[in-house]
Amino acid sequence: MPNSTSILSPIDVERIRKEFPILHQQVNGRDLVYFDNAATSQKPAYVIQALTDYYQGYNANIHRGIHTLAERATKAYEATRLTAQQFINAASEQEIIFTRGVTESINLVASSYGRAFLREGDEIILSGLEHHSNIVPWQMVAAEKKAILKIIPVTDEGELDLDGYKKLLTSKTKIIAVNHASNSLGTINPVKEIIQLAHQLGAVVLIDGAQAGAHLPIDVQKMDCDFYCLSSHKMYGPTGTGILYGKKELLEKMPPYQGGGEMIKEVTFEKTTYNDLPYKFEAGTPNIADVIAFKFAMDFITELGKENIAAHEHDLLLYATQQILKLPAVKLVGTATQKVSVLSFRVEGIHHFDIGQMLDARGIAVRTGHHCTQPLMDRYGIEGTVRASFSVYNTKAEIDQLIEGLERIINFMK
Amino acid sequence: MTINQVQDEIIQEFALLDGDREMTVFYIMELGQKLPAIEDRDRTEENVVKGCQSKVWLTATMKNNGLYFSADSNTAITKGLVSLLIRIFTNQTPDDILHADLYFMNKIGMERFIGTQRSNGFAAMIKQMKLYALAFKTKMEIRHD
């Protein structure tokens with residue numbers, strides 16, 4: 001485990017890299033350069049160890065068992081809830097619901113809150129920067145409830161047009177769902193302002209925090225969001241788990257999302273009474289192992305210090321931006337003033353798939369395509385981009401390798 | 001040359017690359033650059049191969065019982081890949097194309113260096129070429145009847 005560090009102490013990348021076994025391998029004959037962190041981050045050894053420890057030492061179903069293993073598993077599972085509560089500064093552990101990740105969290109809110117409280121003609125506001133995960137669940141509930149979707153416009157730089165947003169707000173506005181940071185462009189959105197304006201009209205706001213979890217400080221009380229969603233796997237944790245934060249008074253009035261074990265208090269064939277929060281929303285045996293290991297991932301972030309991580313990643317982003325702009329024919333997509341460490345770009349005359357494949361041949365992992373944000377790509381009239389996204393374990397030397405790879409590709413294609 | 005002779009030639013050429021991933025990718029793109037351009041009138045939605053992540057236009061004509069394909073793609077690597085197929089199938093009979101066993105793919109380790117998604121796209125191109133062969137074969141048979 002890394003030692004606790006004070007605010008803005010520099011990141012010791014070499015020491016951190018030692019914690020990530022996967023980074024120490026060759027891909028296609030070269031040292032792996034992993035720049036696909038916005039898709040999923042790598043996992044430190046002790047997160048992986050936590051999974052093994054659970055399965056080898058105390059695998060048991062949680063909450064209802066009275067034997068020792070069940071007790072240990074329940075304690076470890078609930079310890080993650082406490083850590084998550086502190087991680088986002090929620091007012092209560094009851095406001096933390098474990099889900100499979102951001103996608104399921106959004107589906108839960110759209111399905112449970114949306115179906116219960118939306119009426120015909122009500123309006124849902126999304127932004128032009130959203131991932132399909134934060135579009136499709138709303139389209140589904142809107143179609144069912146005959147509600148209307150409205151979209152906050154995006155500027156050429158990739159920022160949300162706040163004046164445009166203000167114009168969309170009406171007395172019919174019931175839900176606003178936007179991301180904290182854009183997965184395609186990296187733009188950090190002014191969520192606090194968005195939430196304040198929405199609350200003036202009594203609308204609720206859901207924030208998709210998929211790209212913020214590992215990079216930005218999150219304080220749901222200060223932000224005053226109504227729902228906040230996180231995915232463990234983008235935060236050095238295992239896949240298949242994540243969090244839905246919801247304000248207690250909202251979660252209490254929402255109907256359950258799925259039925260089954262764990263979420264009930266009493267079942268007869270005539271009537272079922274539901275369990276209290278947060279269990280009302282956790283039907284069935286949950287993803288115990290991954291939830292337990294998720295705590296270690298959040299601890300990793302907290303112990304390094306989010307500010308320190310953000311400073312290191314910002315440094316990488318600045319360096320990468322400077323270096324890549326020296327190359328001919330490179331165009332950045334998304335030049336917002338506030339960005340997480342996502343560098344989306346295009347090279348004139350070379351398809352992004354070709355670039356991705358050629359970089360892979362040099363052991364460099366980037367993402368290519370529309371990044372599950374087709375409406376955003378349409379906004380720019382492009383099919384996709386190449387996206388390099390940086391994490392705490394990346395280095396400037398790796399960025400140099402990316403630039404060198406791009407240089408070779410550009411020269412070859414001339 | 002028969003289909004298998006051309007395949008063997010390709011296998012030999014790829015062997016020279018000695019498994020170097022970057023050289024292989026560059027080589028495939030070079031092959032694509034040499035592919036004659038498709039006629040503008042053939043660059044239609046109808047001629048787009050379904051199932052490819054990249055856009056691929058493919059069309060075929062027949063001369064003296066042999067098929068002639070032309071193709072283009074919006075990505076350089078895919079264009080190189082389709083050029084390999086064109087080289088193998090050019091001036092072959094519909095029957096030979098329909099019955100061709102494309103063992104060169106395994107021999108050069110294609111799936112390893114193009115990945116699953118492009119492999120699926122590659123399979124779609126082969127299917128489309130075989131469909132052309134079938135169509136021309138049927139046309140010939142009707143004419144003979």
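**Exercise 1. Classify the two partners of a salt bridge in chain B.**

R41(B) is exposed, at a relative accessible area of 64%. The classes are these: buried is under 20% relative accessible area, exposed is over 50%, and partly exposed is in between (1.4 Å probe, protein chains only). D42(B), at 15%, is therefore buried. The side chains of R41(B) and D42(B) form a salt bridge, N to O 4.0 Å. A salt bridge here is a side-chain nitrogen of Lys or Arg within 4 Å of a carboxyl oxygen of Asp or Glu.

The model is predicted: local features need pLDDT of at least 70, side-chain atom pairs count only at pLDDT 80 or more, and totals for chains, interfaces and linings use all residues. Residues are numbered from 1 along each chain as its sequence is written, chains are lettered from A and ligands numbered from 1 in the order in which they are written, and side-chain values use heavy atoms, with hydrogens and water left out.

**Exercise 2. Describe how the two domains of chain A meet.**

Step 1: find the domains. Domain 1 of chain A covers 13–43 + 305–413, and domain 2 covers 49–302; the bounds come from an automatic or database domain assignment. Their C-alpha centres are 28 Å apart.

Step 2: size the interface. Between domain 1 and domain 2 of chain A, about 2900 Å² is buried, and carbon and sulfur atoms give 53% of this area. Buried area means the accessible area (1.4 Å probe) that two parts lose on being put together, summed over both. On the side of domain 1 of chain A, K306(A), V340(A) and L376(A) lose the most area to domain 2, together 23% of what that side buries.

Step 3: count the contacts. In domain 1 of chain A, 40 residues are in contact with 37 residues of domain 2 of chain A, where contact means heavy atoms within 4.5 Å.

Step 4: look for charge pairs. The count between domain 1 and domain 2 of chain A is one salt bridge.

**Exercise 3. Compare the settings of two salt bridges in chain A.**

Step 1: take R115(A) and E144(A), whose side chains meet in a salt bridge at 3.1 Å, N to O. This pair links distant parts of the chain, 29 residues apart: R115(A) is in helix α4 (residues 102–117) of chain A and E144(A) in helix α5 (residues 136–145) of chain A. Helices (H or I, at least four residues) and strands (E, at least two) are DSSP runs, numbered from the N terminus. R115(A) is partly exposed, at 42% relative accessibility, and so is E144(A), at 46%.

Step 2: take D299(A) and K295(A), which form a salt bridge with their closest N and O atoms 2.8 Å apart. Both residues lie in helix α10 (residues 288–304) of chain A, four residues apart, about one turn of the helix. D299(A) counts as buried at 14% relative accessibility, whereas K295(A) is partly exposed, with a relative accessible area of 22%.

**Exercise 4. Which residues are linked in a network of salt bridges?**

Step 1: start from the total. The whole structure holds 34 salt bridges over all chains.

Step 2: name the members. The network links R30(A), R362(A), E404(A), R408(A) and E22(B).
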